[in-house]
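Here is a walk through one protein chain and its ligand. Keep the structure open as you read.

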Amino acid sequence: MTSGSRRKIKVAVNGLGTIGKRVADAILLQPDMELVGVSAHTNNYRIQSAHLLRKVPIYTYSYRRRNQTYENMHQENTQAAIDDMQKILDLPFGERRVATDKVISRINDLNAHLAPRDFDENVQKFKEQGIELAGGIDDLLEACDVVVDCTPKPYGKINKPMYQSFRKKAIYQGGEKANVGDVSFVAQANFEQAVGKDHVRVVSCNTTGLVRVLHAIHQRYRMVLATATLIRRGTDSNDHKEGPINAIIPSLEAPSHHGPDVRSVMPDIDVFSSAYVVPTTLMHVHDLQINMRDQTDVEGVLDALRATRRVRVIPSSAKMISTAQIMDFARDLGQNSRGDMMDICVWEQTVGIYNRHGHNKLFVKMAVHQESDVIPENIDAIRAVTGFADGAASMDLTDRTLNLNKDSGFYRFVDAKSSGWSLRE
Ligand SMILES: NC(=O)c1ccc[n+]([C@@H]2O[C@H](COP(=O)([O-])OP(=O)(O)OC[C@H]3O[C@@H](n4cnc5c(N)ncnc54)[C@H](OP(=O)(O)O)[C@@H]3O)[C@@H](O)[C@H]2O)c1
């Protein structure tokens with residue numbers, strides 16, 4: 001793909017938090033994309049960095065003009081919420097309060113999006129704080145070809161009718177339920193399924209990591225069942241409100257939602273997952289135990305992982321034995337200004353086979369930088385929805401612009417071979 005071969009894709013980002021600000025920065029690096037602007041839900045340091053340091057146009061979250069189509073859609077959605085309210089009467093008495101609160105909050109959310117409201121007030125407020133707004137959310141949506149929704153769940157779903165009313169293609173994030181999109185997406189597993197679609201959901205950080213690694217293994221060996229135990233970070237590094245500070249929280253659902261979510265991208269493999277939340281902000285760690293159908297060897301698995309884009313095999317020689325050291329290494333690498341690690345990091349010496357007593361089990365441990373691994377997927381999803389059909393070319397360009405290039409000397413250096421383990425009869 002050459003950058004001059006097509007008109008630049010005009011992209012808007014709605015929601016400038018952990019994911020949104022990284023997606024915005026990645027768009028700025030793409031030769032075939034133009035960041036037309038981002039929405040400001042409130043004014044804060046992220047908005048100020050985007051506007052004052054990166055010169056990105058900011059649009060307020062309220063409407064400048066009324067939008068009749070959107071308002072009609074909202075009326076229908078509000079009516080559906082009211083209908084749900086009727087059903088509450090059929091619930092046992094003790095469950096009615098919680099169900100009522102849910103519907104009320106849903107109606108409030110819907111109404112909160114029924115603009116125009118506060119537009120002039122917002123323009124004035126931002127101006128007093130040094131930011132000249134470029135317009136309302138309606139102006140932002142009119143200006144773009146594709147909007148990347150990076151709001152917290154369930155606002156992606158709530159915003160969907162707004163995008164539809166402007167006839168815009170939209171990318172959603174993994175906090176949303178799978179049915180928000182026409183397809184759930186991890187570029188190297190199913191790029192082609194997103195080509196030309198209107199609504200695509202980039203799966204969560206955990207699911208992205210699982211799919212990258214399982215897909216790489218699945219390309220070479222057949223599996224019977226992958227069991228994944230996820231040790232999840234409590235919250236992101238900028239968050240001072242969430243926890244836990246001193247607890248380990250097991251997921252009480254079995255499987256946790258991650259296994260089924262992997263199957264939303266790779267329906268032909270069987271995955272079971274369980275999860276724990278722990279007091280750390282740096283990364284997630286996944287412990288995979290995979291019952292293999294095919295005879296599997298450690299070097300074959302490591303070769304497959306080494307050859308897979310957006311996966312990094314950490315050699316034992318690096319003596320990088322914790323998530324703290326991986327993130328320190330990411331800052332040393334300097335692939336991007338934040339010290340993000342967009343590759344899924346597999347510890348080489350954790351890759352092993354146990355095939356005594358008739359078992360044929362593959363073990364892999366890996367780390368996932370939750371704040372950034374989905375950023376390349378968002379960029380590829382933007383190209384896919386606009387009809388760009390060459391997945392490999394898109395991923396090559398994304399990887400080159402984000403410095404994730406497997407051909408770089410550094411990858412060769414860290415990929416120096418030394419083996420995992422194998423226990424045989
Ligand atoms: N963080 C992760 O580790 C991670 C990883 C992968 C995927 N995801 C998914 O990505 C999505 C976004 O997560 P995040 O962690 O980036 O969230 P976040 O850091 O909380 O940021 C959310 C952003 O959306 C804005 N916002 C809040 N309510 C909004 C609304 N009603 N309408 C428009 N904008 C609104 C917020 O603005 P204000 O700050 O002004 O309120 C903030 O800029 C979620 O689906 C999440 O599950 C998150």
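How many of the 11 residues of helix 13 are buried? The model is predicted, so a word on the ground rules comes before the reply.

Local features here need pLDDT of at least 70, side-chain atom pairs count only at pLDDT 80 or more, and totals for chains, interfaces and linings use all residues of this predicted model. Residues are numbered from 1 along each chain as its sequence is written. Helices (H or I, at least four residues) and strands (E, at least two) are DSSP runs, numbered from the N terminus. A residue counts as buried if 20 or more other C-beta atoms lie within 10 Å of its own, as exposed if 12 or fewer do, and as partly exposed in between, with C-beta atoms placed from the backbone.

Now the reply. In helix 13, 11 of the 11 residues are buried, so this helix is largely enclosed by the rest of the structure. Among them are Ile375, Glu377, Asp380, Arg383 and Val385. After helix 13 comes Gly387, with a positive phi near 100 degrees.

What does helix 13 pack on? Start with the sheet itself. Its seven strands form an open sheet with parallel pairing, in the order 3-2-1-4-5-7-6. Two strands pair if DSSP finds at least two bridges between them. The edges belong to strand 3 (58–60) and strand 6 (183–185); each has a single partner strand, so one side of each is left without a neighbour in the sheet. On average, neighbouring strands are turned by 25 degrees against each other, direction ignored. Axes are lines fitted to C-alpha atoms, for helices over the stretch in contact, and angles run from 0 to 180 degrees between N-to-C directions.

Look at one pair in detail. Strand 5 (residues 169–172) and strand 7 (residues 199–202) run parallel and are joined by three bridges. Ala170 has His199 in strand 7 as its bridge partner. Helix 8 (residues 187–194) packs on the sheet, where it touches strand 6 and strand 7. The direction of helix 8 makes about 150 degrees with that of strand 6. Contact means that the C-beta atoms of two residues, placed from the backbone, lie within 7 Å. Helix 13 (residues 375–385) also packs on the sheet. Helix 13 touches strand 1 (9–14), strand 2 (33–40), strand 4 (146–149), strand 5, strand 6 and strand 7. Its direction makes about 165 degrees with that of strand 7.

Next, the domains. The assignment gives domain 1 (3–66 + 115–173), domain 2 (68–112) and domain 3 (205–373 + 405–423). These bounds come from an automatic or database domain assignment. Between domain 1 and domain 2, the C-alpha centres lie 28 Å apart. Arg66 sits in the loop between strand 3 and helix 3 (68–88). Arg66 is exposed, because it has 11 other C-beta atoms within 10 Å.

Which domains each supply at least three residues to the shell around the ligand? They are domain 1 and domain 3. The ligand is surrounded by 26 residues, and the closest are Gly15, Gly17, His41, Gln173 and Gly175. A residue is near the ligand if its C-beta atom, placed from the backbone, lies within 6 Å of it. Helix 1 (residues 18–28) gives the most to this shell, with three residues.

Finally, some backbone details. Most residues other than glycine have a negative phi, and most peptide bonds are trans. A cis peptide bond joins Lys153 to Pro154, with omega about 5 degrees. Pro154 is in the loop between strand 4 and helix 7 (155–165). Another cis bond runs from Ala254 to Pro255, with omega near -5 degrees.

Two arginines have positive phi. Arg167 has phi near 55 degrees and lies in the loop between helix 7 and strand 5. Arg310 has phi near 65 degrees and lies in the loop between helix 11 (298–306) and strand 12 (311–314). Are these residues buried or exposed? Arg167 is exposed, with 9 other C-beta atoms within 10 Å. Arg310 is buried, with 24 such atoms within 10 Å.
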